[in-house]
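Reader: I would like a close look at one part of this model, with its surroundings described afterwards and the cut-offs behind each term stated as they arise. Please take your time over it.

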Amino acid sequence: MNAPAKTEDFAETAPAGVFVETVTEVAHYTDRLFRFRMTRPAGFRFRSGEFAMIGLMVEGKPIYRAYSIASPAWDEELEFFSIKVPDGPLTSHLQKIQPGDKVLMRKKPTGTLVLDALTPGKRLYMFSTGTGIAPFASLIRDPETYEKFEEVVLAHTCREVAELKYGFDLVEEIKNHEFLAEIVGDKLKHYATVTREPFAFQGRVTDLMRSGKFFTDLGVPPLDPSIDRGMICGSTEMLKDTKTILEEAGLTEGANNKPAEFVIERAFVG
């Protein structure tokens, strides 16, 4: 098996023009999901919701994958939420990192799941599956989100209950945070669903939206393009189905250079 470069070799083997950062914390949620935090380069700027190219040196070569930055723009460290792919070129190694290890990061963040890509509205829906919650982990901890929207709905769908823990931990963190708790107040609603186990809310969020149960459970009216805005990050099928639902409701897809009623992150698909 290809082996990642040892920490002491990293500075010598890492390619020029990239950040070499130190892992500060690792937490494993299931045999498929883990979170890690690392140092933030001095002067590194990003907008909450953007992603960066994260990598390791494997057999003397850098291997990168796109990862949403899960920490908010104000955080002193960078946080990432990852799947574990047993034979994945990067994640088979990345899942084994420990505090003190080194990670590569390219210098330019990018992405479409940013507040600037949306026109003004009152209610912001964040639709996610699996690790697609990562960019929203950044946005729900950013005060600007609550300056621009009166209500924020974080919808997170996973196969198993244990895979929802990261999202629940995020909401709990906000409730107990020294300054976020007051800023967020009761503006944030968390709607977690599971597809393969018994749970309070079961099924794909797209099915629950089509049946109307999603809106009834939240106590909100159906989608209204005059006030509702959306962000979507997840599996290919979920992106397609959610996009269709939003467009059928009259919402238009936007982008950084053309803000509209909803945006999709496609960097992690296919």
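In β6, which residue is the bridge partner of T22?

Author: The bridge partner of T22 in β6 is K102. Before I place that pair in its sheet, the conventions: this is a predicted model, in which local features need pLDDT of at least 70 and side-chain atom pairs count only at pLDDT 80 or more, whereas totals for chains, interfaces and linings use all residues. Residues are numbered from 1 along each chain as its sequence is written, and side-chain values use heavy atoms, with hydrogens and water left out.

T22 belongs to strand β1 (residues 19–28), which pairs with strand β6 (residues 102–105) in the antiparallel sense over 4 bridges. Strands here are DSSP runs of E with at least two residues, helices are runs of H or I with at least four residues, and both are numbered from the N terminus; two strands pair if DSSP finds at least two bridges between them. β1 is also joined to β2, again antiparallel, by 5 bridges, and there E25 has R37 as its bridge partner. β6, for its part, is linked to strand β3 (residues 51–58) by 2 antiparallel bridges, with I54 of that pairing matched to M105.

These pairings belong to an open sheet of 6 strands, ordered β4-β3-β6-β1-β2-β5 and paired in the antiparallel sense. Its edges are β4 (61–68) and β5, each of which pairs on one side only. Neighbouring strands of this sheet are turned by 40° against each other on average, direction ignored, where axes are lines fitted to C-alpha atoms (for helices over the stretch in contact) and angles run from 0 to 180 degrees between N-to-C directions.

A second open sheet has 5 strands in the order β9-β8-β7-β10-β11, with parallel pairing. Here β9 and β11 (262–264) are the edge strands, pairing on one side only, and the twist averages 10° from one strand to the next. Within this sheet, strand β8 (residues 151–158) runs parallel to strand β7 (residues 123–129), the two being joined by 7 bridges, and R123 stands opposite E151 of β8. β8 is likewise joined to strand β9 (residues 188–194) by 7 parallel bridges, and C158 finds its bridge partner in V194 of β9. β7 in turn runs parallel to strand β10 (residues 228–233) over 6 bridges, where Y125 is matched with G230.

β8 repays attention for its burial: 8 of its 8 residues are buried, so the strand is largely enclosed by the rest of the structure; buried means under 20% relative accessible area, exposed over 50%, and partly exposed in between, with a 1.4 Å probe and protein chains only. In a regular strand the side chains alternate between the two faces of the sheet. In β8 both faces are covered, with E151, V153, A155 and T157 buried on one side and V152, L154, H156 and C158 buried on the other.

C158, at 5% relative accessibility, counts as buried, and C233 is buried too, with a relative accessible area of 3%. The sulfur of C158 is 12 Å from the closest cysteine sulfur, that of C233, which is too far for a bond. The structure holds 0 disulfides, a disulfide being a pair of cysteine sulfur atoms within 2.5 Å.

Two helices complete the surroundings. Helix α9 (residues 236–248) lies across β7, β10 and β11, and runs at about 170° to β10. In helix α5 (residues 165–175) the buried residues are Y166, G167, L170, V171 and I174. Seen down the axis of α5, these fall within an arc of 135° (taken from the directions from the helix axis to the C-beta atoms), so they line one face of the helix. Their cover includes β2 (33–39), β5 (77–83), α3 (134–139), α6 (180–184) and β9, with contact meaning heavy atoms within 4.5 Å.

As for the whole, the protein has 9 helices and 11 strands. Its radius of gyration is 19 Å, close to the 18 Å that the globule rule gives for 270 residues, so the protein is as compact as a globular protein of that length; the radius is taken over C-alpha atoms, and the rule is 2.2 Å times the number of residues to the power 0.38. Of the 270 residues, 50% count as buried, and among contacts with a separation of 6 or more, residues 24 or more positions apart account for 73%.
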